[in-house]
Amino acid sequence: MAEIKVPELAESITEGTIAQWLKQPGDYVEKGEYIVELETDKVNVEVISEEAGTIQELKADEGDTVEVGQVIAIVGAGGEAKATSDAKEEAPKKEENEEKTEEAPVEEAPVKEDKKNRPIASPAARKLAREKGIDLSDVPTDPLGRVRKQDIEAYSNKPAEAPSKPVAEEKKAPAKKDDGKPVVREKMSRRRQTIAKRLVEVQQTAAMLTTFNEIDMSKVMELRKRKKDKFFDDHDVRLGFMSFFTKAVVAALKKYPYVNAEIDGNEVVLKKFYDVGVAVSTDDGLVVPVVRDCERKNFAEIEGEIMELATKARNNKLSLGDLQGGSFTITNGGVFGSLLSTPILNGPQVGILGMHKIQLRPVAIDKDTMENRPMMYIALSYDHRIIDGKEAVGFLAMVKDLLENPEDLLLEG
């Protein structure tokens, strides 16, 4: 018999939430097979069984908070649990009526099938279903038999039919505020709670300021238009804007090293590496996977790694290693249409660059000429405790200059 315990997750993570049981009591598992998915502050982690056998008992339910080292399941070695379970089921049946013995498996089969063939659903869909009190088996699936988050949303917003389940309808009824107005209460996910906590901590502990500039994206867009087809043929990855911004940021960080630092007590830690975090929006909130050693990577390597990390983030497949140790962050609100914003620091980092929507605006070329140019506002939020305004403005001006002269950027790379 073996105990399944919550494993060590990371230095800063001491607990998680049971997101999804992949096995149920009575199911057989191989050694090394995944049996449960845990949601942590940063990523979802799948836990394996260290022994082959049958799941004898689950000691926590989906949605429960569990701590590192806590026993969450029992696996019976070999067929121990299964044999015991079968014996307990067979004894009363024989005492009841010998003639019903052959019919019993027919009656039990659907139950076992339900346990083994639970609806295929993403962790985000399962969490939303738990929060709304929805049984996943009641939700219509997509053509591939999957339940997605949007399917849960559509099901929860579907007009109620004649009440055959009054209790279930009671659960879905919106709560009432003190003034009698209808509201809906939803529990924040663990990740959303952590994001909220850390953003507040940053604002309370850092002397955060933001400085702005704007970039004429004409030359980058023209270069990208000329090179994108050949770039894709050569590297099997699309040439986006993120590689240009990443290389410009690395060059600026080298010139302004305090923007690539952090505060540790009474000391400033100057980082001599350039691991750039790229903010990615997912169903469960914002995550910041890290592209490492950007100073050593070319444009194609940066674009490929960003694409891979973004795909992993949206499929909830990021590892803790993908998220740890960044020295600076870039966030692109422009993909959602943001024209201007003040990004919040990703502590303990002391700098974050915000990209925004590219928009045609009239620009004065000289005192007599105006032209419509594709312009982008950029923002640098920084910790004023160690970065002075002169450095922040200089950093942002260098990023602007490099992007407005991409040939210089290619030489820097």
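Helices (H or I, at least four residues) and strands (E, at least two) are DSSP runs, numbered from the N terminus. The exercises below use these element names for a predicted model.

**Exercise 1. Backbone angles in loops**

Task: Locate Asp-293, give its phi and classify its exposure.

Solution.
- Step 1. Asp-293 lies in the loop between strand E19 (290–291) and H9.
- Step 2. The phi of Asp-293 is near 55 degrees, which is positive although the residue is something other than glycine.
- Step 3. The relative accessible area of Asp-293 is 29%. Buried requires under 20% and exposed requires over 50%, so Asp-293 is partly exposed.

Task: Do the same for Asp-236: where does it lie, and is it buried or exposed?

Solution.
- Step 1. Asp-236 is in the loop between helix H7 (218–235) and H8.
- Step 2. Its phi is positive, about 60 degrees, and Asp-236 is not a glycine.
- Step 3. Asp-236 counts as exposed because its relative accessibility is 60%.

**Exercise 2. Aromatic pairs**

Task: How many aromatic pairs does a search of the whole structure find, and what is the geometry of each?

Solution.
- Step 1. The search returns two aromatic pairs.
- Step 2. Phe-244 and Phe-299 have ring centres 5.1 Å apart and planes at 75 degrees. An angle over 60 degrees counts as edge-to-face, and this pair is edge-to-face.
- Step 3. Phe-244 belongs to helix H8 (residues 242–255) and Phe-299 to helix H9 (residues 299–314); the two are 55 residues apart, so the pair links distant parts of the chain. Both Phe-244 and Phe-299 are buried.
- Step 4. Phe-328 and Phe-395 form a tilted pair, with 5.6 Å centre to centre and 45 degrees between the planes.
- Step 5. This pair also links distant parts of the chain: Phe-328 is in strand E20 (residues 328–332) and Phe-395 is in helix H11 (residues 389–404), 67 residues apart. Phe-328 and Phe-395 are buried.

**Exercise 3. Charges over rings**

Task: Which ring does the charged end of Arg-224 sit over, and which ring face does Arg-238 lie over?

Solution.
- Step 1. The charged end of Arg-224 sits over the ring of Phe-241, at 4.7 Å from the ring centre.
- Step 2. Arg-238 lies over the face of Phe-232, 4.7 Å from the centre of that ring.

**Exercise 4. Packing of H8 and H9**

Task: Describe how the axes of H8 and H9 are arranged and which residues meet.

Solution.
- Step 1. The axes of H8 and H9 come within 9 Å and cross at roughly 115 degrees.
- Step 2. This crossing angle makes H8 roughly perpendicular to H9.
- Step 3. The crossing of H8 past H9 is right-handed.
- Step 4. On the H8 side, Met-242, Ser-243, Phe-244, Thr-246 and Lys-247 take part; they meet Phe-299, Ile-302, Glu-303 and Ile-306 in H9. Phe-244 and Phe-299 are thus also the edge-to-face pair of Exercise 2.

**Exercise 5. The loop between E20 and E21**

Task: Which peptide bond is cis, and what surrounds Gln-349?

Solution.
- Step 1. The peptide bond from Gly-347 to Pro-348 is cis, with omega near 5 degrees.
- Step 2. Pro-348 is placed in the loop between E20 and E21. Gln-349 is found in the loop between E20 and strand E21 (351–355).
- Step 3. Gln-349 is buried, because its relative accessible area is 7%.
- Step 4. Setting aside residues up to four places away in sequence, Gln-349 touches Ala-261, Gly-326, Ser-327, Phe-328 and Thr-329. Phe-328 is a member of the tilted pair.
- Step 5. The C-alpha atoms of Gln-349 and Gly-325 are 9.5 Å apart, with their positions 24 residues apart along the chain.

**Exercise 6. A buried strand residue**

Task: Where is Ile-378, and is it buried or exposed?

Solution.
- Step 1. Ile-378 is in strand E23 (residues 370–383).
- Step 2. Ile-378 counts as buried because its relative accessibility is 0%.
- Step 3. Its C-alpha atom is separated by 5.6 Å from that of Glu-214, 164 residues apart along the chain.
- Step 4. Beyond neighbours within four places in sequence, the contacts of Ile-378 include Glu-214, Phe-245, Leu-353, Leu-396 and Val-399.

Notes. Residues are numbered from 1 along each chain as its sequence is written. This is a predicted model: local features need pLDDT of at least 70, side-chain atom pairs count only at pLDDT 80 or more; totals for chains, interfaces and linings use all residues. Side-chain values use heavy atoms; hydrogens and water are left out. Rings of Phe, Tyr and Trp (its six-membered ring) pair if their centres lie within 6.5 Å; planes under 30 degrees apart count as stacked, over 60 as edge-to-face and the rest as tilted. Buried means under 20% relative accessible area, exposed over 50%, partly exposed in between (1.4 Å probe, protein chains only). A charge sits over a ring if NZ of Lys or CZ of Arg is within 6 Å of the ring centre and within 35 degrees of the ring normal. Axes are lines fitted to C-alpha atoms, for helices over the stretch in contact, and angles run from 0 to 180 degrees between N-to-C directions. Angles under 35 degrees count as roughly parallel, over 145 as roughly antiparallel, 65 to 115 as roughly perpendicular and the rest as oblique. A crossing is left-handed if the near helix is turned anticlockwise from the far one by less than a right angle, and right-handed if clockwise. Contact means heavy atoms within 4.5 Å.
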